[in-house]
Amino acid sequence: MPRATDSPTEGLHTHIAELDAAIIELVRRRTEICAQLTTRRRATGRPTIELARENDVLQRYSEALGRPGASLAMLLTELGRR
Ligand SMILES: O=C(O)C(=O)C[C@]1(C(=O)O)C=C[C@@H](O)C=C1
């Protein structure tokens, strides 16, 4: 007898959970690189925030994903400012 965990829906939920884990890992890696860039800027006395670059990110995400993409880009750059 098939179990609930074998249903196609459960399989899709599992796939989503795997994708979420991969996305979280990528966001962690992205945030780490941003921290390195911020450290370099601090060390050379430059402002820690680069709005022109953040606007590039916003544009990339909104072109790819529309308005929700812009919201996502804002969250990513917020993490990148830490
Ligand atoms: O591109 C950089 O120099 C970064 O530090 C990355 C990043 C980002 O999240 O994309 C983070 C902070 C800056 O204000 C601009 C952009």
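Start with how spread out this protein is: its radius of gyration is 18 Å, whereas a compact globule of 82 residues would come in near 12 Å. You can see the same topic in the outline of the chain, since the C-alpha trace spans about 65 × 25 × 10 Å along its principal axes. Keep in mind that you're looking at a predicted model. Its mean pLDDT is 94, and 94% of the residues of the protein reach 70 or more. For the model as a whole, the scores are ipTM 0.98 and pTM 0.90.

Now, what is the chain built from? The secondary structure comes to two helices, with zero strands. The helices are α1, covering 8–43, and α2, covering 51–80.

How do α1 and α2 sit relative to each other? Their axes come within 8 Å and cross at roughly 50 degrees. Angles under 35 degrees would count as roughly parallel and those from 65 to 115 as roughly perpendicular, so α1 and α2 end up oblique to each other. To find the place where they touch, look on α1 for Val-27, Arg-30, Thr-31 and Cys-34, which meet Leu-76, Leu-79 and Gly-80 of α2. Sort the residues of that contact by character and you get four nonpolar, two polar and one charged.

Next, turn to the ligand. Which residues surround it? Going along the chain, you'll meet Cys-34, Leu-37, Thr-38, Ile-49, Glu-50, Arg-53, Glu-54, Val-57, Leu-76, Thr-77, Gly-80 and Arg-81. Both α1 and α2 pitch in, each supplying at least two residues of this shell. Which helix gives the largest share? That's α2, with six residues. As for character, the shell is a mix: five residues are nonpolar, three are polar and four are charged.

Finally, try putting the two pictures together. Cys-34, Leu-76 and Gly-80 take part in the contact between α1 and α2, and these residues also belong to the shell around the ligand. If you pick out Cys-34 on α1 and Leu-76 on α2 in the structure, you'll be looking at residues that meet where the helices touch and that help surround the ligand too.

Conventions: Residues are numbered from 1 along each chain as its sequence is written. This is a predicted model: local features need pLDDT of at least 70, side-chain atom pairs count only at pLDDT 80 or more; totals for chains, interfaces and linings use all residues. pLDDT is the predictor's confidence in each residue, from 0 to 100. A residue is near a molecule or strand if its C-beta atom, placed from the backbone, lies within 6 Å of it. Helices (H or I, at least four residues) and strands (E, at least two) are DSSP runs, numbered from the N terminus. Ala, Val, Leu, Ile, Met, Phe, Trp, Tyr, Cys and Pro count as nonpolar, Asp, Glu, Lys and Arg as charged, and the others, Gly among them, as polar. Axes are lines fitted to C-alpha atoms, for helices over the stretch in contact, and angles run from 0 to 180 degrees between N-to-C directions. Angles under 35 degrees count as roughly parallel, over 145 as roughly antiparallel, 65 to 115 as roughly perpendicular and the rest as oblique. Two residues are in contact if their C-beta atoms, placed from the backbone, lie within 7 Å. The radius of gyration is taken over C-alpha atoms; the globule rule is 2.2 Å times the number of residues to the power 0.38.
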